Amino acid sequence: MASASAWSQIDPSVGGAVPQADFSKRYALYSAWSGNLTYATDPSGSGRTVLRSRVRSTDAKVGGLLRTDFLPLGEAGKTGPRWYGLSVYFPTTWVAHPNPAVVAQVDQVVPVAGLPAPLSIVVRGTSIELNLGFNHRPLSGTTDVATPANSAIKAVKLGTLQTGKWYCFAVRSEWSPTLGSGALTIYQNRDKVFDAQRDINSYPGSAGNVPRVGLSFPGLLGVAERVLYTDFIRLGGPDTTLEKLLAETPCKTTSATTALVK
């Protein structure tokens, strides 16, 4: 009973904080070089152990993208209500550039080329925004399949990007490509920034959706190098609450001075 209750709150079997030696047992890394992802001390001064992702303009592409991001193993089969804790920190060395950088997302294990992820956190220039993609059409097998041209995209500006600050996103999802069935609520540092109930929010086969954090670029970097700090990915079942999830993140303890990106 105790074990079942704990799983329904924060899932101990998928994601979560792990020692460096056990990282590959819990997560899959997507990067041109494993050294682009390193363990680090929280730059905000909390003393927590976090992760540092780096991508250089000279890196080889992985899956068609310049990237250093990671996803939890064993998540693709999860169904029903699911919580995700996705936290990212932009160092003061972050330079504004119009080329988009994806820093967190929830997508298929093997994304279909060109289709927008059901959920992405994206930085464009001085702005940080939420992007949502969905379609009721199947991904394959018929003449009327989902394509970038017939998929719907929503973009919600979350504000001007601030460096030296943790952005902790808590997401509660019920993925569905059917009108009247899906639900998606998203919080940024405890503030609700998106809420849609009984709505299409994914693609057929969306039980395979998995969260990622780190850096990935749909185009070029535009700068020589990008560095981003992230927390480990936190996951929870239907009984998780916003406070239980955020208690696992760096937003519980941070108080760093922030600066707007100009």
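These legends describe close-up views of a predicted model.

**View 1. Asn 189 in the loop between β12 and β13.** The flanking strands span residues 183-188 (β12) and 191-197 (β13). Asn 189 is not a glycine, yet its phi is positive, near 50°. Its relative accessibility is 24%, so Asn 189 counts as partly exposed.

**View 2. Arg 198 in the loop between β13 and β14.** Strand β14 covers residues 209-217. Arg 198, also a residue other than glycine, has a positive phi of about 55°. With a relative accessible area of 61%, Arg 198 is exposed, because the cut-off for that class is over 50%.

**View 3. Ser 44 and its polar contact with Asp 42.** Ser 44 sits in the loop that runs from β2 (37-41) to β3 (49-56). The two side chains, of Ser 44 and Asp 42, make this contact at 2.9 Å. Ser 44 has a relative accessible area of 15% and is therefore buried, the limit being under 20%.

**View 4. Phe 90 in the largest nonpolar core.** This core holds 43 residues, and Phe 90, Leu 119 and Ile 128 have the most contacts inside it. Neighbours within four places in sequence aside, the residues in contact with Phe 90 include Val 103, Val 123, Ile 128, Leu 161 and Leu 228. Gln 162, Thr 163, Gly 164, Lys 165 and Tyr 167 are also among its contacts.

**View 5. A second nonpolar core, separate from the largest one.** This core consists of 14 residues. Among them are Tyr 89, Tyr 187, Val 227 and Cys 251.

Technical notes. Residues numbered from 1 in each chain as written. Predicted model: local features only at pLDDT ≥ 70, side-chain atom pairs only at ≥ 80, totals over all residues. Heavy atoms only, no water. Helix = DSSP H or I, 4+ residues; strand = E, 2+ residues; numbered from the N terminus. Buried < 20%, exposed > 50% of the residue type's maximum accessible area, 1.4 Å probe, protein only. Polar contact = N/O pair within 3.5 Å; in protein donor to acceptor, adjacent residues only side chain to side chain. Core = buried A, V, L, I, M, F, W, Y, C linked by side-chain atoms within 4.5 Å. Contact = heavy atoms within 4.5 Å.
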